[in-house]
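Good morning, and thank you for coming. I would like to take a few minutes to go through the side-chain contacts of one chain with you.

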Amino acid sequence: MPNHSNARIVVKAFARPLLKLTNGLKLALCLSIIIGFSGAALGQSPEPDWRAGWRTTIEAAQKEAKVVVSIPASAELRQALEEGFKRQFPGISQELFPAQGANNINRIFQEDKGGVHYFDVHIGGTSSIITGLLPAGLLEPLMPWMILPEVKKPKNWWGGHIWADTSGQYIYMFLAYLTETLWYNTKELRPEEVKSYDDLLKPKLKGKIEILDPRTPGSGQSTWSFLWKIKGEEYLRKLVRQDLSVGRNQRQLAESLANGKAALSIGLSYYSFSPFLKAGLPVKPLPAPKEGIYASSGSGNVVALNKAPHPNAAKVFINWLLSREGQEVFSNAMGQPTRRLEVDTAWAKQFGHIAAKDVLTPKRFFELENQSEEMIKTVRVPAAALARKLLD
């Protein structure tokens, strides 16, 4: 049954302002109120513009039939995204390509040179986006693609809308956390043996440390750059003399630590170790050294390609990804905390990731982060140049 008392309340609220209007305007406004409430009572209230646009986008996406997405190198994430998105949009198939970000971006870049455009969306770290896709002009401004109110409203996100690029248009950070990218084998090392980054230089660890290649974009480069910033070039020269095992295959590095071939790993995070943790192998994140840890958006950055072959399906995917459900799916699969305020992130601490929204102010996050365009240019680029000099 319609609730006419609500209509009386609203009309009463308008009574005082009506005194200031002309008789004609009073009549027009009253008629519009009456018509509006009559329509609401009959279930014919005007549809918000976003709903019509969203329905049109979904219909067009279903005609496109699929969305092609580059994602981080995680089988668990691939499965979670496939299942989660399919539940909501069974009429749109997904082609997901898990790989290290630099590899997928290099493919996108090379295909564009040849006039081929296969990918619609890329998700990953910022370094390869900022040094590759962004200057090549391959990205689409993302905000116009945000259709759902729960995605568009800044109040739903810790820190509001945060972008990695200085223009604030293209690279959307949907994760934010303090990251622990030092992991150890519990049978080879005790956590109290590494209380400072200086302890990585101990003779005991010579030949027992592995690192995700800091010469290429990724969390290995991110951690190396953080050490360059806080410990300096000479420290990294000494670290290299520890006979580091350098690799680019994250699964192989994780397996090496899990099997005890290495005692300590630099640059890998939870999602690389997830299969081994589930198998009960002896790997754990190292407690933060006294010098601290950096803040990151990790693999939680999304961009839309401006020559996407399935633009409507891409819009649907991005809105789902940034919705509450999408953020729960992504965060749980990666072990990396979202900025969505209504999504629980306390659990991530056990995986070596502490949600920024749980412990930091946005101001402090910006002081600690090393994923933005400015930090890429002033810290990570020179640090990576040093890595190439020392490791090539």
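I shall speak about charged pairs, then rings, and finally one pair of helices.

First, a word on the basis. This is a predicted model, in which local features need pLDDT of at least 70 and side-chain atom pairs count only at pLDDT 80 or more, while totals for chains, interfaces and linings use all residues. Residues are numbered from 1 along each chain as its sequence is written, and side-chain values use heavy atoms, with hydrogens and water left out.

Let me begin with charge. Side chains of opposite charge can pair when their charged atoms come close. A salt bridge here is a side-chain nitrogen of Lys or Arg within 4 Å of a carboxyl oxygen of Asp or Glu, and the structure holds 23 salt bridges.

One of them joins E325 and R87, at 3.5 Å from N to O. E325 belongs to helix α13 (residues 324-334) and R87 to helix α4 (residues 75-88), so this pair ties together parts that are 238 residues apart in sequence. Helices (H or I, at least four residues) and strands (E, at least two) are DSSP runs, numbered from the N terminus. On accessibility, buried means under 20% relative accessible area, exposed over 50%, and partly exposed in between, with a 1.4 Å probe and protein chains only. By that scale, E325 is partly exposed at 22%, whereas R87 is exposed at 55%.

How far apart are the closest N and O atoms of E150 and R340? They are 2.9 Å apart, in a salt bridge. This pair also links distant parts of the chain, with E150 in helix α7 (residues 149-152) and R340 in the loop between α13 and β14 (353-355), 190 residues apart. E150 is partly exposed, at 31%, but R340 is buried, at 0%. R340 has a further partner: its charged end sits over the ring of W157, 5.3 Å from the ring centre. For that term, NZ of Lys or CZ of Arg must be within 6 Å of the ring centre and within 35 degrees of the ring normal. The charged end of K231 likewise sits over the ring of Y235, 5.6 Å from its centre.

A local example is R237 with E233, a salt bridge at 2.8 Å between the closest N and O atoms. Both residues lie in helix α9 (residues 233-240), 4 residues apart, or about one turn of the helix. R237 is partly exposed at 23%, and E233 is partly exposed at 36%. Elsewhere, R190, E192, E193 and K204 are joined into one network by salt bridges that share partners.

Now to the rings. Rings of Phe, Tyr and Trp (its six-membered ring) pair if their centres lie within 6.5 Å; planes under 30 degrees apart count as stacked, over 60 as edge-to-face and the rest as tilted. The structure holds 16 aromatic pairs. Among them, F174 and F330 meet edge-to-face, with 5.0 Å between centres and 85° between planes. F174 lies in the loop between β5 (172-173) and β6 (177-179) and F330 in helix α13, so the pair ties together parts 156 residues apart in sequence. F174 is buried at 0%, and F330 is buried at 0%. Ring pairs also link W54, F85, F89, F317 and W320 into a cluster.

Finally, the helix pair. The axes of α4 and helix α12 (residues 311-321) come within 11 Å and cross at roughly 105°. Axes are lines fitted to C-alpha atoms, for helices over the stretch in contact, with angles from 0 to 180 degrees between N-to-C directions. That makes α4 roughly perpendicular to α12, a term covering 65 to 115 degrees, where under 35 is roughly parallel, over 145 roughly antiparallel and the rest oblique. In contact, meaning heavy atoms within 4.5 Å, are L81, G84, F85 and Q88 of α4 with V316, F317 and W320 of α12.
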